[in-house]
Amino acid sequence: MRAWRSGWFGRLPIQWLTCLFTGVSALAQSPLLPAAPVTVEAAQALGTEWEVLLRKGEVTAVTSRMDLRSLSERALATLPGEEEARREFITQYAAGAGAAYQHALRGVVHFRFLGAVRTNQAGGLVFRALLPDGSASYCRYVVEARATGGVAITDVFVLPTGEWMSESIRWLYLLSEGKRGPALASRLSGAQAELVRHAAQVERLLAYQQQKKHPEFLEAYRSLPVA
């Protein structure tokens, strides 16, 4: 799974924020539900079609159906903050994450569609991706039918990070707001408020991790407040 983390989610360091502040509770986070879920039969057919295209390297079979701007707007809809700062964050995230996600998919050596799941309204298409180092990653794409035809991806669950993309967007937004100042923390609670208050320490911690400065990482980690 390390290779996958060095791809898209490695560029967006939210997986460490999850480990630091929420632990396994991230597994209980809800995805952004589709307005018009596709049927299981249609999902099975779609997953089979995507597997063929992804094996051919046609990653736009997935990425062209991801409206990252809309996903980001929905993910942040319930969070406070200045509208101008929110718009700036969404624009930067949509541009950066889109390119990084394509890069990560192009680095996969083999895709396998494992099936469609319907454990709740979200459901989803589950894929296994084999990486150049021999490790594997799993993703679940939540899809909805478009009124104009085709489908859109409303959210993605990435197993190595144990988190929905929408939740990752929230943490990244709060980290960016925290770097602007601690004022927003008074309008939040729990782990979200703590992340805003200690954004500078977390940013330093992430830098140590990415630079493989393990002693400094541990020291910075111990300096964080107990959740």
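A residue counts as exposed when its relative accessible area is over 50%, and as buried when that value is under 20%. Keep those two cut-offs in mind during this tour of a predicted model.

**The whole chain**

Start with everything selected. The protein chain has 11 helices and five strands. It holds 227 residues, of which 48% count as buried. Its accessible surface comes to about 11,200 Å², and carbon and sulfur atoms account for 53% of that. Now think about how the chain folds back on itself: among contacts between residues at least 6 apart in sequence, 60% join residues at least 24 apart.

**Stop 1: Lys212**

Select Lys212, which sits in the loop between helix H10 (199–210) and helix H11 (214–223). Is Lys212 buried or exposed? Its relative accessibility is 63%, so Lys212 counts as exposed, since the cut-off for that class is over 50%. Look at the backbone here too. Most residues other than glycine have a negative phi. Lys212 is not a glycine, yet its phi is positive, at about 60°.

**Stop 2: Ala75**

Next, select Ala75 in helix H6 (residues 68–75). Here the picture is one of burial: with 0% relative accessibility, Ala75 counts as buried. Which residues does Ala75 touch, leaving aside its neighbours within four places in sequence? Show Leu32, Ser166, Ile169 and Arg170, and you have its contacts. Pick out Ser166 and draw a line between the C-alpha atoms: Ala75 and Ser166 are 5.2 Å apart in space, although 91 residues separate them in sequence.

**Stop 3: H7 against H8**

Two packed helices are described by the angle between their axes and the distance between the axes. Try this with helix H7 (residues 83–106) and H8, whose axes come within 11 Å and cross at roughly 130°. The two helices are therefore oblique to each other, and their crossing is right-handed. To see the contact, select Ala85, Arg86, Phe89, Tyr93 and Tyr101 on H7, then Met165, Ile169, Leu172, Tyr173, Ser176, Glu177 and Arg180 on H8. Colour them by class and you will find eight nonpolar, one polar and three charged residues. You have already met Ile169, one of the contacts of Ala75.

**Stop 4: H8 against H9**

Stay with helix H8 (residues 165–180) and add helix H9 (residues 190–197); they pack at an angle of about 40°, with axes 7 Å apart. This pair is therefore oblique too, with a right-handed crossing. Which residues meet here? From H8 come Trp171, Leu174, Leu175 and Gly178, and facing them in H9 are Ala191, Gln192, Leu195 and Val196. By class, this contact has six nonpolar, two polar and no charged residues.

**Stop 5: H9 against H10**

For the last stop, keep H9 and bring in H10. The axes of H9 and H10 are 5 Å apart, and the packing angle is about 80°. These two helices are therefore roughly perpendicular to each other. Select Leu195, Val196 and Arg197 of H9 together with Ala199, Gln201 and Val202 of H10 to show the contact. By class, the contact has four nonpolar, one polar and one charged residues. Leu195 and Val196 may look familiar, as these H9 residues also meet H8. From here, follow H10 to the loop that leads on to H11, and you are back at Lys212.

Terms used: Residues numbered from 1 in each chain as written. Predicted model: local features only at pLDDT ≥ 70, side-chain atom pairs only at ≥ 80, totals over all residues. Heavy atoms only, no water. Axes fitted to C-alpha atoms, helices over the stretch in contact; angles between N-to-C directions. Helix = DSSP H or I, 4+ residues; strand = E, 2+ residues; numbered from the N terminus. Parallel < 35°, antiparallel > 145°, perpendicular 65-115°, else oblique. Left-handed = near helix turned anticlockwise from the far one by under 90°. Contact = heavy atoms within 4.5 Å. Nonpolar A, V, L, I, M, F, W, Y, C, P; charged D, E, K, R; others polar. Buried < 20%, exposed > 50% of the residue type's maximum accessible area, 1.4 Å probe, protein only. Areas by Shrake-Rupley, 256 points an atom, 1.4 Å probe, with all protein chains shown as cover.
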